[in-house]
Amino acid sequence: MKSAILPQVRVDPELRANLESMLRKGETLSEFIEDTVRSAVEYRRTQAEFYARGEAAWQEYSRTGVAHPAEQVIGEMRERLKIRRQQLGIPPTKAR
């Protein structure tokens with residue numbers, strides 16, 4: 001696939017100077033911008049999926065009237081987090 005060029009963006013000199021001061025050794029301005037755009041696209045995709053799941057859950061609740069207690073949901077989330085931390089070798093945290 002051919003590569004494409006993003007539109008040029010005009011910024012004030014202060015912002016450009018701040019950006020350039022944040023570049024890592026050997027990193028180009030173009031690499032930084034591409035990395036940042038990729039991160040923003042992924043964040044927005046994840047955010048859209050989150051909202052879609054929330055809307056689907058709300059529609060399901062509206063349709064059925066079935067809800068789950070917050071304590072149950074939070075407990076299940078904590079258990080999933082505990083298991084994932086064990087998989088990653090992260091030490092357990094103190095319970096709240």
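This briefing covers the largest pocket, the salt bridges and two single residues of the structure above. The model is predicted. Its largest pocket holds about 610 Å³ of space, and the structure has five salt bridges. Three of the pairs described below lie in helix α2: arginine 38 with glutamate 34, arginine 45 with glutamate 49, and glutamate 60 with arginine 63.

**Largest pocket**

- The volume of the largest pocket is about 610 Å³, and 17 residues line this pocket.
- Closest to the centre of the pocket are Pro7, Gln8, Val9, Ser30 and Ile33.
- Two elements, α1 (13-22) and α2 (29-64), each give two or more residues to the lining.
- Helix α2 supplies the largest share of the lining, with six residues.
- By residue class, the lining consists of eleven nonpolar, four charged and two polar residues.

**Glutamate 27, between α1 and α2**

- Glutamate 27 sits in the loop that lies between α1 and α2.
- The residue is buried but takes part in no salt bridge.
- Arginine 24 has the nearest side chain of opposite charge, at 4.7 Å from glutamate 27. A salt bridge requires a nitrogen-oxygen distance within 4 Å, so this pair, 4.7 Å apart, does not count as one.
- Beyond the neighbours within four places in sequence, glutamate 27 has contacts with Met22 and Phe32.

**Salt bridges in helix α2**

- Side chains of opposite charge can pair when their charged atoms come close.
- Arginine 38 and glutamate 34 form a salt bridge in which the closest N and O atoms are 2.7 Å apart. Both residues belong to helix α2 and are four residues apart, about one turn of the helix.
- Arginine 38 is exposed because its relative accessible area is 54%, which is over the 50% limit. Glutamate 34 has 41% relative accessibility and therefore counts as partly exposed.
- Arginine 45 pairs with glutamate 49 in a salt bridge, with 2.4 Å between the closest N and O atoms. Because they are four residues apart in helix α2, about one helical turn separates them.
- Both partners of this bridge are partly exposed: arginine 45 has a relative accessible area of 38%, and glutamate 49 has one of 37%.
- Glutamate 60 forms a salt bridge with arginine 63, where the closest N and O atoms are 3.0 Å apart. The two are three residues apart in helix α2, so about one helical turn lies between them.
- Glutamate 60 counts as partly exposed, at 38% relative accessibility, whereas arginine 63 counts as exposed, at 63%.
- Glu42, Arg45 and Glu49 are joined into one network by salt bridges that share partners.

**Glutamine 86, in helix α3**

- Glutamine 86 is part of helix α3, which covers residues 70-88.
- Its relative accessibility is 54%, so glutamine 86 counts as exposed.
- Isoleucine 74 is twelve residues from glutamine 86 along the chain, and the C-alpha atoms of the two are 18 Å apart.

Key. Residues numbered from 1 in each chain as written. Predicted model: local features only at pLDDT ≥ 70, side-chain atom pairs only at ≥ 80, totals over all residues. Heavy atoms only, no water. 1 Å grid on protein atoms, 1.4 Å probe; cavity = no way out; pocket = protein on both sides within 12 Å on 5 of 7 lines; lining within 4 Å. Points joined across faces, edges and corners; volume = space filled by probe spheres on them. Nonpolar A, V, L, I, M, F, W, Y, C, P; charged D, E, K, R; others polar. Buried < 20%, exposed > 50% of the residue type's maximum accessible area, 1.4 Å probe, protein only. Lys, Arg positive; Asp, Glu negative; His and termini not counted. Contact = heavy atoms within 4.5 Å.
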